[in-house]
Amino acid sequence: MSISWQQQHLFVPSAGSAVTVEPGCSVRISRFPAANGIRELLVRKGEDDKIGVTVKRVEGKILICGVVRRSPAYLAGLRYGDELLSLEDEPLLGKELDRVAELIRKNVRNSIKLRTKDRPGDRYVTIGRDVEKGYGFRFAHGEITFVRANTSAQRQGLERKLQIIEVNEEVVVGMKDETIEAIICGKGDTVSLCVVPMKVYRQLFSRLSPIKHDAHPLVEM
């Protein structure tokens with residue numbers, strides 16, 4: 001029996017907006033470039049009148065801190081770390097989450113109109129595992145600390161002082177290194193990483209990870 005997207009609690013990123021779905025296969029999304037990273041979206045609601053994202057307020061910005069796999073938001077190409085610029089044509093910069101929740105409650109249509117800005121500085125790297133050298137990189141606290149010469153990792157441009165935020169489309173921000181390593185080694189001989197510069201990570205992504213007793217509330221959409 002299939003599980004509805006509301007019952008799947010795994011928070012994952014989206015890599016884009018062109019979707020291919022086959023029975024028994026995972027959803028693969030490829031996101032097309034947008035001018036200045038700005039996107040105008042009309043996302044249809046799913047069950048419970050939600051599109052499948054969780055948002056958080058960080059320094060006056062409304063940022064996506066979770067996207068549910070196979071949800072309407074996921075299929076539309078929304079990603080962890082994207083900023084919501086407006087909802088139903090109302091600018092959100094500086095607005096409180098209570099106002100965001102109010103706009104959602106007042107929306108009686110079967111879709112939500114969003115204007116979004118892509119998360120900054122991300123880069124996708126696909127790395128093959130070498131029989132002798134493995135994947136060819138090391139990390140500590142999610143940060144790339146070493147890249148071995150003459151490996152797939154080096155050839156694909158992986159370098160030190162980059163932070164891993166996704167592994168095989170799963171958000172790993174806030175996870176322990178042992179858990180990240182298990183995800184990396186858990187599927188075949190290739191791994192897809194999404195990395196960002198450490199400066200970007202410290203300014204933005206580290207503040208999106210779940211924190212016990214976090215003072216910043218969340219709103220589900």
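This note walks through the predicted model point by point, from the whole chain down to single residues.

1. **Ground rules.** The model is predicted: local features need pLDDT of at least 70, side-chain atom pairs count only at pLDDT 80 or more, and totals for chains, interfaces and linings use all residues. Residues are numbered from 1 along each chain as its sequence is written, and side-chain values use heavy atoms, with hydrogens and water left out.

2. **The chain as a whole.** The chain holds five helices and 15 strands. Helices (H or I, at least four residues) and strands (E, at least two) are DSSP runs, numbered from the N terminus. Of the 221 residues, 45% are buried. Buried means under 20% relative accessible area, exposed means over 50%, and partly exposed lies in between (1.4 Å probe, protein chains only).

3. **Surface and contacts.** The chain exposes about 12,100 Å². Carbon and sulfur atoms supply 51% of that area. Accessible areas come from the Shrake-Rupley method with a 1.4 Å probe; for residues, only the protein chains shown count as cover. Among contacts with a separation of 6 or more, 67% join residues 24 or more positions apart. Contact means heavy atoms within 4.5 Å.

4. **Helix α2.** This helix spans residues 97-106. Its buried residues are L97, V100, A101, L103 and I104. Seen down the axis of α2, they fall within an arc of 160°, so they line one face of the helix. The arc is that of the directions from the helix axis to the C-beta atoms. The face turned away from the buried side carries the exposed residues D98, R105 and K106. What covers the buried residues includes β4 (53-58), β5 (61-67), β6 (83-87), β7 (90-91) and β15 (218-220).

5. **Helix α4.** Here the run is residues 177-184, with D177, I180, I183 and I184 buried. Down the axis of α4, the buried residues fall within an arc of 120°, so they line one face of the helix. They pack against β10 (137-140), β12 (162-167), β13 (170-171) and β14 (190-197).

6. **Strand β8 and its partners.** Which strands pair with β8 in the antiparallel sense? Strand β3 (residues 38-44) does so over seven bridges. Strand β6 does so over four bridges. Two strands pair if DSSP finds at least two bridges between them. On the β3 side, the bridge partner of R39 is T116 in β8. E83 stands opposite K117 in β8.

7. **S111.** This residue lies in strand β8 (residues 111-117). Is S111 buried or exposed? S111 is buried, with a relative accessible area of 7%. Leaving aside neighbours within four places in sequence, S111 is in contact with L42, V43, R44, K45 and E88.

8. **S152.** This serine is in helix α3. S152 is buried, at 16% relative accessible area. Its contacts, neighbours within four places in sequence aside, are T126, I127 and G128. S152 and R129 are 23 residues apart in sequence, and 7.4 Å apart in space, C-alpha to C-alpha.

9. **Cysteines.** A disulfide is a covalent bond between the sulfur atoms of two cysteines. How many disulfides does a search of the whole structure find? It finds zero. The criterion is a pair of cysteine sulfur atoms within 2.5 Å. C65 counts as buried at 11% relative accessibility. C185 is partly exposed, with a relative accessible area of 39%.

10. **Aromatic rings.** A search of the whole structure finds one aromatic pair. F137 and F139 form it; the pair is tilted, 6.3 Å centre to centre, with 35° between the planes. Rings of Phe, Tyr and Trp (its six-membered ring) pair if their centres lie within 6.5 Å; planes under 30 degrees apart count as stacked, over 60 as edge-to-face and the rest as tilted. Both F137 and F139 are buried.

11. **Positive phi.** Most residues other than glycine have a negative phi. K161 is not a glycine, yet has a positive phi of about 65°. K161 is found in the loop between α3 (152-155) and β12. At 53% relative accessibility, K161 counts as exposed. N168, also not a glycine, has a positive phi of about 50°. N168 lies in the loop between β12 and β13.
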